[in-house]
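Subject: Structure handover

Hello,

Please find the structure below, with the sequence. My notes on it follow.

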Amino acid sequence: MAEKLHPVRGMKDLFNEDYTAHEYIISIAKSTSELYGFQGASVPILEHTGVFARTLGESSDVVSKEMYSFLDKSDDSLTMRPEFTAGIMRAFISGGMHHQLPMKLFSSGPLFRYDRPQAGRLRQFHQLNYEFLGADGVYSDAEMLMLAQHTFEALGIAGDLTLELNSLGCKESRVRYQTMLLEYFTEYENDLSEDSKRRLLKNPMRILDSKDENDKKIVATAPNIAASYSLDAHKYFDDLQNLLNIMNVYYKLNPQLVRGLDYYCHTAFEFTTDKLGAQSAIGGGGRYDGLSKIMGGPDMPAIGFALGIERIALMKHFTTTAKRPFVIVLIGDENLGHAALIAEELRAQNIPTTLEHKGKIARRMQNADKASARYVIFIGSDEVASEKYKVKDMDSGTESFMSSSEIIDLK
Ligand code: HAM
């Protein structure tokens, strides 16, 4: 193969500490989610394009420019999932799971967005994703935020994160707000960025999310979303804040937080940090009561959020305590079969074991060091004959002769 091999732009291989940190983050998140009654769920990476195109919003960045979509061999348009929520909802509806409500579902895995790669922004990235289907009432919103806080504490990053909170109101208040924004931004139409001019016609709320410096100035004096709330929407948001205050969940109100996807209503939130430069959002989510109905399912309340694993991994060094192995060093080249049997005996007792049998003895010892061996077990003809093996404790440096069952007792 003449061309130089490299991964696809924006996609990363995970090895060694990167892989271990990734797995560690997932395992902490999963076990914390279980404390709140979540169960694991997995949905396919590929969905029919409509699953995302019709739900995330045509004017969202994800649908308008970031989806990996293609025609398969039957000319069906498929898309590699850019997020979990729509796929989970599709699975819930097509699997006829209405009678299982309420459902709390935890997922993790790769997602794909064709964005400009930079630190903390990849084209293949991974999320921890939480969906609470049938989540009725303000306690479910508060519980999701508690779960997030608990997870950040368990990962040791809570101190560097801020919960930014907003309410997008109900469907009617949202329509009212769009009209208010349309009126306001139309006055400044000529000064808006090209992207925001386009958003003005399709979805003026999206302009609030603009990263353009000039747009930001115009956004600063835009009408406040609270002015459009219905009485119910107001009360819901007040009740949530009261509950969060009682539960000591610290939050910062951000009336301009609109989220990048269209299915949200009422509660919307993001977890931000100033540790990661431009990619300041570690995660986000909100309530999406209308999504099930839009997709042909029952009228059902729901709330969820997702956290970016790569961004969490950038926030601190995750050291994990992998079990140190026992390393068998074969002396000479005979007795490989005997050493292999001992290795299997240890593994059967859940002791991680490697067998060094290649190269010179010095090389075998070097490999044992590299593997951070806890004990090194030497096996040569004398040991095989006596069934007592020389064992070196690599921490204290002491050596002794032991039977295989005595070695097992060291674990
Ligand atoms: P989202 O805000 O699009 O929400 O993504 C959630 C998190 O995924 C982001 O805050 C970020 O940490 C991570 N993320 C997103 N794009 C990238 C990227 N290109 N590279 C690295 N990390 C990235 C959702 O996806 C919603 N589905 C969340 C949700 C669940 N809402 C309700 N339920």
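How do the residues of the shell around the ligand divide into nonpolar, polar and charged? The model is a predicted one, and in it the shell holds 10 nonpolar, 9 polar and 6 charged residues.

The ligand

There are 25 residues around the ligand, and those that come nearest are Glu83, Leu122, Glu131, Tyr264 and Ile282. Two of these names return among the polar contacts. An N or O atom in the side chain of Glu83 is 2.6 Å from a nitrogen atom of the ligand. For Glu131, a polar side-chain atom lies 2.8 Å from a ligand nitrogen. Phe305 takes part through its backbone, where an N or O atom lies 3.3 Å from a nitrogen atom of the ligand. On its own the ligand has 660 Å² of accessible area, and the protein covers 94% of that.

Strands E6 (124-133), E10 (281-287) and E11 (302-308) each supply at least two residues of the shell. Strand E10 gives the most, with 5 residues.

The sheet

Further along the chain is an open sheet of 5 strands, in the order E13-E12-E14-E15-E16, with mixed pairing. Strands E13 (353-356) and E16 (399-402) are at the edges; each has a single partner strand, so one side of each is left without a neighbour in the sheet. From one strand to the next the twist averages 25 degrees.

The partner of E16 is E15 (residues 389-393), and these two pair in the antiparallel sense over 4 bridges. Within this pair, Tyr389 stands opposite Met402 in E16.

Two helices pack on the sheet. Helix H12 (residues 336-348) touches E12 (326-330), E13, E14 (375-379) and E15, and its direction makes about 170 degrees with that of E13. Helix H13 (residues 361-370) touches E12, E13 and E14, and its direction makes about 175 degrees with that of E12.

Two backbone details

Most residues other than glycine have a negative phi, and most peptide bonds are trans. Two places in this model depart from that pattern. Leu101 and Pro102 are joined by a cis peptide bond, with omega at about -5 degrees. Pro102 lies in the loop between helix H4 (85-94) and strand E5 (103-112). Asn335 is not a glycine, yet its phi is positive, at about 65 degrees. The loop that holds Asn335 runs between E12 and H12, and H12 is one of the helices packed on the sheet.

Regards

Note on methods
Residues numbered from 1 in each chain as written. Predicted model: local features only at pLDDT ≥ 70, side-chain atom pairs only at ≥ 80, totals over all residues. Heavy atoms only, no water. Pairing = 2+ DSSP bridges. Axes fitted to C-alpha atoms, helices over the stretch in contact; angles between N-to-C directions. Contact = heavy atoms within 4.5 Å. Near = heavy atom within 4 Å. Polar contact = N/O pair within 3.5 Å; in protein donor to acceptor, adjacent residues only side chain to side chain. Areas by Shrake-Rupley, 256 points an atom, 1.4 Å probe, with all protein chains shown as cover. Nonpolar A, V, L, I, M, F, W, Y, C, P; charged D, E, K, R; others polar.
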